[in-house]
Every structure is written in structure tokens, then in C-alpha cells.
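Biologist: Hi, could you walk me through this one? I'd like to go piece by piece, with room for follow-ups.
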Amino acid sequence: MSAPRPDQRDDTTVQLAAVGIHITPEGRARARAELDAAAEARSTPEALAARAELRARLGLPPAAAA
Amino acid sequence: VSDAEVRLVLDTSAIAAFARGSIHVGEVLAEIADEDAVALLPLSCLVEAVHGQRFTSEEDARVDLLVGHPATEMLADDPQMWRSLAYTYDLVGSADAAAAGLAAIEYGVSVLSRYPSRYAGLDGGGRLVLPLDE
């Protein structure tokens with residue numbers, strides 16, 4: 001039986017508070033919404049096509065399929 | 001970079017903001033940690049954010065926390081991508097922003113930045129930049 005995993009959520013909140021950064025559940029929810037919205041915006045067909053074009057222009061290989 | 005899912009790139013302005021105590025960056029970091037994912041810290045952004053600063057001990061402690069946190073990974077430039085980095089530099093105007101922008105494109109994620117306009121030349125309609133609160 002493996003040892004219980006430390007709760008990363010609590011760990012990070014406590015670690016941040018120790019250096020004077022006090023985050024709230026509401027702020028975390030907002031950050032979550034921002035991350036999710038950005039990921040969604042990047043995954044539209046138009047965004048994927050634009051990024052593929054940009055990768056080619058910068059000399060990057062095509063992105064691996066998800 | 002490890003096998004952890006990359007969720008975001010922190011540019012120079014985001015790293016500097018965290019050193020100054022940005023709650024917004026802290027919230028984002030906590031959410032990424034909760035996913036067992038990582039935010040990338042391009043080496044040149046870290047150097048640019050820290051050099052010449054006279055950080056207080058608390059600000060230094062924040063930088064140490066950020067660099068050592070399991071939800072971040074430092075990213076050095078890949079020598080084989082030097083030409084892509086140079087092209088990106090042409091579009092964003094600085095080596096550190098080029099490293100952040102190219103990493104975001106390479107990993108298919110966004111850059112957290114206080115200065116979204118710096119990346120305008122790279123944004124082909126896909127929300128390359130997540131704006132950081134003032």
C-alpha cells in the first residue's frame with residue numbers, strides 16, 4: 001500500500017502564505033476559469049490552423065497530434 | 001522538461017510580479033499544482049527578472065519558492081532551435097520574450113504576462129497570452 005500523497009493544493013496555499021502571498025478560493029476559481037478559457041480558445045479549428053501556420057513560419061516542426 | 005503536462009509559460013514580467021508578491025500569479029500556480037501540471041520558467045526570463053534587482057529577503061524567498069516548486073520547471077533554450085528563436089526575437093523584440101513566446105508555441109500553451117502587446121506578432125488568434133493583473 002502506497003503512502004498517502006501530500007495534498008498539493010494545501011501545500012501550495014501554505015507555501016504561498018509563508019512568503020506573504022495569501023490566495024483565496026475565489027481567486028483560485030478565477031485563475032481556473034482563465035486557464036480553461038485560454039485552453040479552449042487555443043483549441044478552436046481557427047486557432048489550431050493559425051498556430052500551425054506560425055509554427056511553420058518559425059521553422060518549428062508540426063505539432064504532434066493530441 | 002519532465003513528463004508532467006505543461007499548462008503555461010511565465011515570462012519575465014510574471015516572474016518579477018511573483019517576486020513582488022503577485023496574488024494572481026500565486027493563484028495560477030496553485031491551480032496548476034492542483035492538476036499535477038507545470039508552468040515553464042524560461043531561463044532567460046528568470047535571469048532578466050532577477051538581474052539588477054535588490055530584492056528583499058522576502059522577495060528572494062518568493063523567487064526560491066517559484067523555482068523550487070514542483071509545479072514549475074526551468075526551461076533552457078534548445079541549441080537546435082536557435083534559428084526559430086532568432087525569428088521569434090524578430091517578432092517580439094527581446095531574447096527573453098522570444099524564449100517565452102517560442103516555448104508557448106512549442107508546447108501549445110499560453111504565456112502569462114503583464115505585457116500582452118509584446119507578443120502581438122505571435123498571436124494568430126488563439127489567445128497566446130494570458131494577461132496578468134496589475
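Modeller: Happy to! Bear in mind that this is a predicted model. A good place to begin is strand β2 of chain B, residues 38–42, which is joined to strand β3 (residues 72–75) of chain B by four bridges, with the two running parallel.

Biologist: Which residue of β3(B) does B:Ala39 stand opposite?
Modeller: B:Ala39 is across from B:Thr72.

Biologist: And how many bridges pair β2(B) with β1(B)?
Modeller: Three, and that pairing is parallel too. β1(B) covers residues 6–10, and within this pair B:Val9 sits opposite B:Leu40.

Biologist: Is β2(B) covered on one face or on both?
Modeller: On both. B:Val38, B:Leu40 and B:Pro42 are buried on one side, and B:Ala39 and B:Leu41 are buried on the other. That makes five buried residues out of five for the strand.

Biologist: Nice. What is the strand order of the whole sheet?
Modeller: The order in chain B is β3-β2-β1-β4-β5, an open sheet of five strands with parallel pairing. β3 and β5 (129–131) of chain B are the edge strands; each has a single partner, so one side of each lacks a neighbour in the sheet. From one strand to the next, the twist averages 30°.

Biologist: What joins β1(B) to β4(B)?
Modeller: Three bridges, again with the strands running parallel; β4(B) is residues 110–113. B:Val9 turns up here as well, standing opposite B:Val111. Chain A also comes in at this sheet: its helix α2 (residues 25–42) packs on it and touches β1, β4 and β5 of chain B. The direction of that helix makes about 105° with that of β1(B).

Biologist: Good, let's talk about chain A then. How many helices and strands does it have?
Modeller: Three helices and zero strands, so to speak an α-α-α pattern when read along the sequence. Of its 66 residues, 32% count as buried.

Biologist: And the contact with chain B, how many residues does each chain give?
Modeller: Chain A gives 34 residues and chain B gives 45. Between them the chains bury about 3,300 Å², and 54% of that is on carbon and sulfur atoms. On the chain A side, A:Leu35, A:Arg51 and A:Leu58 lose the most area to chain B, together 18% of what that side buries.

Biologist: A:Leu58 caught my eye. Which side chain reaches its backbone oxygen?
Modeller: The side chain of B:Ser84 does, at 2.5 Å. B:Ser84 lies in helix α5 (residues 82–92) of chain B. Beyond its close neighbours in sequence, B:Ser84 contacts A:Leu58, A:Gly59, A:Leu60 and B:Leu102.

Biologist: Why does B:Ser84 count as buried?
Modeller: Because its relative accessible area is 5%, and the cut-off for buried is under 20%.

Biologist: What about A:Val19, where does that one sit?
Modeller: In the loop between α1 (8–18) and α2 of chain A. A:Val19 is also buried, at 9% relative accessibility. Leaving out residues up to four places away in sequence, A:Val19 touches B:Glu58, B:Ala61, B:Arg62 and B:Leu65.

Biologist: Switching topic: why call α2(B) largely enclosed?
Modeller: Because 10 of its 12 residues are buried. Among them are B:Val25, B:Val28, B:Leu29 and B:Ile32.

Biologist: Does its length or its residue count tell us what span to expect?
Modeller: The residue count does: at 1.5 Å a residue, the 12 residues of α2(B) (residues 23–34) should span 16 Å, and the end C-alpha atoms are 16 Å apart, which agrees.

Biologist: What is found at the start of α2(B), and what just after it?
Modeller: At the start, a side-chain oxygen of B:Ser22 comes to within 3.3 Å of the backbone nitrogen of B:His24. Just after the helix, B:Asp36 takes a positive phi of about 60°.

Biologist: Last one: is B:Ala95 buried or partly exposed?
Modeller: Partly exposed, with a relative accessible area of 41%. B:Ala95 belongs to helix α6 (residues 95–107) of chain B. Apart from residues up to four places away in sequence, B:Ala95 touches B:Ser44 and B:Tyr89. B:Leu85 is 10 residues from B:Ala95 in sequence, and their C-alpha atoms are 8.0 Å apart.

Terms used. Residues numbered from 1 in each chain as written. Chains lettered and ligands numbered in written order. Predicted model: local features only at pLDDT ≥ 70, side-chain atom pairs only at ≥ 80, totals over all residues. Heavy atoms only, no water. Buried < 20%, exposed > 50% of the residue type's maximum accessible area, 1.4 Å probe, protein only. Pairing = 2+ DSSP bridges. Expected span 1.5 Å × (residues − 1). Polar contact = N/O pair within 3.5 Å; in protein donor to acceptor, adjacent residues only side chain to side chain. Axes fitted to C-alpha atoms, helices over the stretch in contact; angles between N-to-C directions. Contact = heavy atoms within 4.5 Å. Buried area = accessible area lost by both parts, 1.4 Å probe.
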